[in-house]
Amino acid sequence: HLSPYAWTILTIYFLQVGPVDGGPILPALEGFAISSSSAGEATEHAALSVQQRQAYFAGKTVGSLFMDFVHFYRSRFDLRNEAVSIRTGKRAPPSLALPLHIMLGEDAKSTAVGFCIEDPFDQ
């Protein structure tokens, strides 16, 4: 089971790396102040993100967004070799500082690797 905080991080990460092959919908947390138009003037990255968001979300329902989210984590995300990091906002292996999460199966004997989620406020 995942906490609501973990689901929020998974959702933000999905919007940073998952839905569009042409680039991120949301910027990395490290670059958010730079790319945010609320920080003064809109940058080229912020304008590009607005165009990408409009193109991606045009005609999307909440249900289709949820299906994209599930498809990303089920088919495109590699639990064994990737970490969720909204701070960097890119696909990469987990840092050695992140703990490995092992999930116990329903039979109480089998195990599987779980999500490696970096808390952006622990950095």
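Before the pictures, one definition: when I say helix, I mean a DSSP run of H or I with at least four residues, numbered from the N terminus. I need that because helix α1, residues 4-17, gives the largest share of the lining of the largest pocket, namely 4 residues. And please keep in mind that what you see is a predicted model.

Okay, the overall layout. The protein chain has 4 helices and 2 strands. Going from the N terminus, the order is α-α-α-α-β-β, so the helices come before the strands if you follow the definition I just gave. Of the 123 residues, 28% count as buried. As for contacts with a separation of 6 or more, 57% of them link residues 24 or more positions apart. The chain exposes about 8,300 Å², and 60% of that is supplied by carbon and sulfur atoms.

Now back to the pockets. The largest pocket has a volume of about 350 Å³. There are 16 residues lining it, and the closest to its centre are His1, Leu2, Ala6, Phe115 and Ile117. What is the lining of the largest pocket made of, in terms of nonpolar, polar and charged residues? It divides into 10 nonpolar, 4 polar and 2 charged.

The second largest pocket comes in at about 160 Å³. Helix α1 turns up here too: the largest share of the lining of this second pocket, 5 residues, comes from α1. In total 13 residues line the second largest pocket, and Ile12, Gln16, Pro27, Leu29 and Ile86 lie nearest its centre. The split for this lining is 11 nonpolar, 2 polar and no charged.

Let me stay with Gln16, one of those residues nearest the centre of the second pocket. Gln16 sits in helix α1. Is Gln16 buried or exposed? Its relative accessibility is 4%, and the cut-off for buried is under 20%, so Gln16 counts as buried. What does the side chain of Gln16 reach? The backbone oxygen of Ile86, at 3.1 Å. Leaving out residues up to four places away in sequence, Gln16 touches Pro24, Ile25, Leu26, Pro27, Ala28, Leu29, Ser85, Ile86 and Gly89.

Two names on that list deserve a closer look, and I'll take Ser85 to start with. Ser85 lies in the loop between α4, residues 62-76, and β1, residues 102-104. Ser85 counts as buried because its relative accessibility is 8%. Its side chain makes a polar contact of 3.1 Å with the side chain of Thr88. Apart from neighbours within four places in sequence, Ser85 is in contact with Tyr13, Gln16, Lys90 and Glu118.

The other name is Ile25, in the loop between α1 and α2. With a relative accessible area of 1%, Ile25 is buried. If you want to find Ile25 from another part of the chain, look at Gln54: the two are 29 residues apart in sequence, and their C-alpha atoms are 9.4 Å apart in space.

Gly18 is in that loop between α1 and α2 as well, where α2 covers residues 32-35. Gly18 has a relative accessibility of 1%, so Gly18 counts as buried. Not counting residues up to four places away in sequence, Gly18 touches Tyr13, Phe72 and Arg76. How far apart in space are Gly18 and Lys90, C-alpha to C-alpha? That distance is 9.6 Å, for a pair 72 residues apart in sequence.

To finish, a couple of residues on the outside. Ala108 is in the loop between β1 and β2, the latter being residues 111-113. Most residues other than glycine have a negative phi. Phi of Ala108 is near 65°, though, a positive value. Ala108 is also exposed, because its relative accessible area is 52% and the cut-off is over 50%.

And then Phe121, in the segment after β2. Is Phe121 buried or exposed? At a relative accessible area of 67%, Phe121 is exposed. From C-alpha to C-alpha, Phe121 and Arg87 are 8.7 Å apart, with their positions 34 residues apart in sequence terms.

That's the tour. If you put one thing on the screen, I'd go for Gln16: buried, in helix α1, and among the residues nearest the centre of the second largest pocket.

Methods: Residues are numbered from 1 along each chain as its sequence is written. This is a predicted model: local features need pLDDT of at least 70, side-chain atom pairs count only at pLDDT 80 or more; totals for chains, interfaces and linings use all residues. Side-chain values use heavy atoms; hydrogens and water are left out. On a 1 Å grid over the protein atoms alone, a cavity is a set of points where a 1.4 Å probe fits but cannot get out, and a pocket is an open set with protein on both sides within 12 Å along at least five of seven lines; lining residues have an atom within 4 Å of a point. Grid points are joined across faces, edges and corners, and a volume is the space filled by probe spheres set on the points. Ala, Val, Leu, Ile, Met, Phe, Trp, Tyr, Cys and Pro count as nonpolar, Asp, Glu, Lys and Arg as charged, and the others, Gly among them, as polar. Buried means under 20% relative accessible area, exposed over 50%, partly exposed in between (1.4 Å probe, protein chains only). Contact means heavy atoms within 4.5 Å. Accessible areas come from the Shrake-Rupley method with a 1.4 Å probe; for residues, only the protein chains shown count as cover. A polar contact is a pair of N or O atoms within 3.5 Å; within protein, one must be able to donate a hydrogen and the other to accept it, and residues adjacent in sequence count only if both atoms are side-chain atoms.
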